[in-house]
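Please open the structure in a viewer and keep the sequence at hand. The tour below proceeds by selections, each followed by a note on what is to be found there.

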Amino acid sequence: MPMRAVDIIAKKRDGLALTTEEIEFFIQGYTRGDIPDYQAAAWAMAVLLRGMTDREVTDLTLSMAHSGEILDLSDVVKPVADKHSTGGVGDKVTLALAPLVAAAGQPIGKMSGRGLGFSGGTLDKLESIPGWRAELSIEAFKKQLAEIGIVVAGQTANLAPADKKLYALRDVTATVPSMALIASSVMSKKLAAGADVILLDVKSGNGAFMETVEEAAELARLMVSIGNMAGRTVAARVTDMNQPLGFAVGNALEVKEAIATLKGEGPPDFTELILTESAHLLHMCGRVSSVEEGRRRVEEVLQNGQALRKFQVFVAYQGGDPRVADDPDRVLEAASVVLPLTSPQAGYLKEVRARTFGEVTVKLGGGREKKGDPIDHRVGVVLNAKIGDWVDAGQVLCHIHARTRAEAEAAAQELLTAYAWSETPVEPPALIKMTISH
Ligand code: URA
């Protein structure tokens, strides 16, 4: 009897483990277009509700990685570094980390994604820069990596096409927060893109797909073990995502903040995270003999402007307007309405709920409601205060960047629910919760 997609969906619906062949049949069928979106959506929901064994997740990852070409970068540079986040709010790490690492002498070539649910996507952010292109052929990817040591590309170059399709489908079918689907999505891209050394940033908190540190740690372990099995050096950090990272949430706003950070004028939490992660990655790649030496190297390229120049060259190579590095306000489009939201009471902020900021940004037009929806790069929110800060009644909590006053006011109402105050001092959450290396 030939295999049928409907039977595979039913089997997963009933909580049974799929065989390697069934997973392969489903993923290759979906990639070719033989299995339609509606069956893939039902299957993804069944996987989300029923889960997968580690063996199924590994099979799924390998099947997705092999749905297209697997890049062999060994003739270009060695080792090639990569870094990937499981998704958060205000998570602009790649935008600053990739130029830092590349400027410190370690080539970094990565495939990034678009926004997913309430979380932002690196490609959407970079596309705020006029002219910047995510689509690169494999030849162009390799050439750029060899010439300037930094590439951030989309998946059009026939790399992990199964993930590309599934990712867009999950975004609009409420099937993102599944351990199996996230692990296979991230790791299939990593395996296909050919990096030797991979640093995973697994977010935990209300603005992440894994809310608890325990769930995030489990996801991290699963991804590290898939990577190791495929012969790659992989480590994962579980990092906090209970409040937005840095101050800016929204595509162009985040690019602007990343550029400010590369000028040494970034938010303290974000700056600390990119410096530690970059130092760690340099060490994993064997470029430095200790993480401390890595830290000195990345601080040096931040201070002497080499990281900012690397960002500029990278933007120009992918067709973007390089003037953005020196004058982002002139190059990036801005929203026409900027509305301050003031604090209704005095106190120490004890909650600045990341997820609400992500959801509001999507509603303002900065994310997608349906597959393929266009997005507005200009909108979002810029925070003025974070957890642990004291605010007076009437003090500005954040600025809402919107297309219309009505949209900004609706956002303000919703954002007020993201905050909670305390009369007694509050410790800001630790940014790095755990490191998992094998
Ligand atoms: N990032 C990815 O690449 N895939 C996911 O599923 C979630 C975050």
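Begin by selecting residues 179–192, which form helix H9 in this predicted model. At 1.5 Å a residue, the 14 residues of H9 should span 20 Å, and because the C-alpha atoms at the two ends are 20 Å apart, the expectation and the model agree. With the helix still selected, add the surrounding protein: 13 of the 14 residues of H9 are buried. Next, move just past the end of H9 to glycine 194, where phi is positive, at about 80°.

Now select the ligand. Where does the ligand sit? The ligand occupies the largest cavity.

Display the residues around the ligand, among them Thr86, Leu116 and Tyr167. Which element gives the largest share of this shell? H9 does, with 4 residues. The shell members Ile182, Ser185, Val186 and Lys189 fall within the residue range of H9. An α-helix has 3.6 residues a turn, so residues three or four places apart point the same way. Colour strand S1 (81–85) and helix H8 (161–171) as well, since each of these, like H9, supplies at least two residues of the shell.

Finally, show the side chains that approach the ligand with polar atoms. Histidine 84 has a side-chain N or O atom 3.0 Å from an oxygen atom of the ligand. For arginine 170, a polar side-chain atom is 2.8 Å from a ligand oxygen atom. In serine 185, a polar side-chain atom lies 2.6 Å from a nitrogen atom of the ligand. Of the 240 Å² of accessible area that the ligand has on its own, the protein covers 97%.

Methods. Residues are numbered from 1 along each chain as its sequence is written. This is a predicted model: local features need pLDDT of at least 70, side-chain atom pairs count only at pLDDT 80 or more; totals for chains, interfaces and linings use all residues. Side-chain values use heavy atoms; hydrogens and water are left out. The expected span of a helix is 1.5 Å times one less than its number of residues. Buried means under 20% relative accessible area, exposed over 50%, partly exposed in between (1.4 Å probe, protein chains only). A residue is near a molecule or strand if one of its heavy atoms lies within 4 Å of it. A polar contact is a pair of N or O atoms within 3.5 Å; within protein, one must be able to donate a hydrogen and the other to accept it, and residues adjacent in sequence count only if both atoms are side-chain atoms. Accessible areas come from the Shrake-Rupley method with a 1.4 Å probe; for residues, only the protein chains shown count as cover. On a 1 Å grid over the protein atoms alone, a cavity is a set of points where a 1.4 Å probe fits but cannot get out, and a pocket is an open set with protein on both sides within 12 Å along at least five of seven lines; lining residues have an atom within 4 Å of a point. A molecule sits in a cavity or pocket if more than half of its atoms lie within 2 Å of its grid points.
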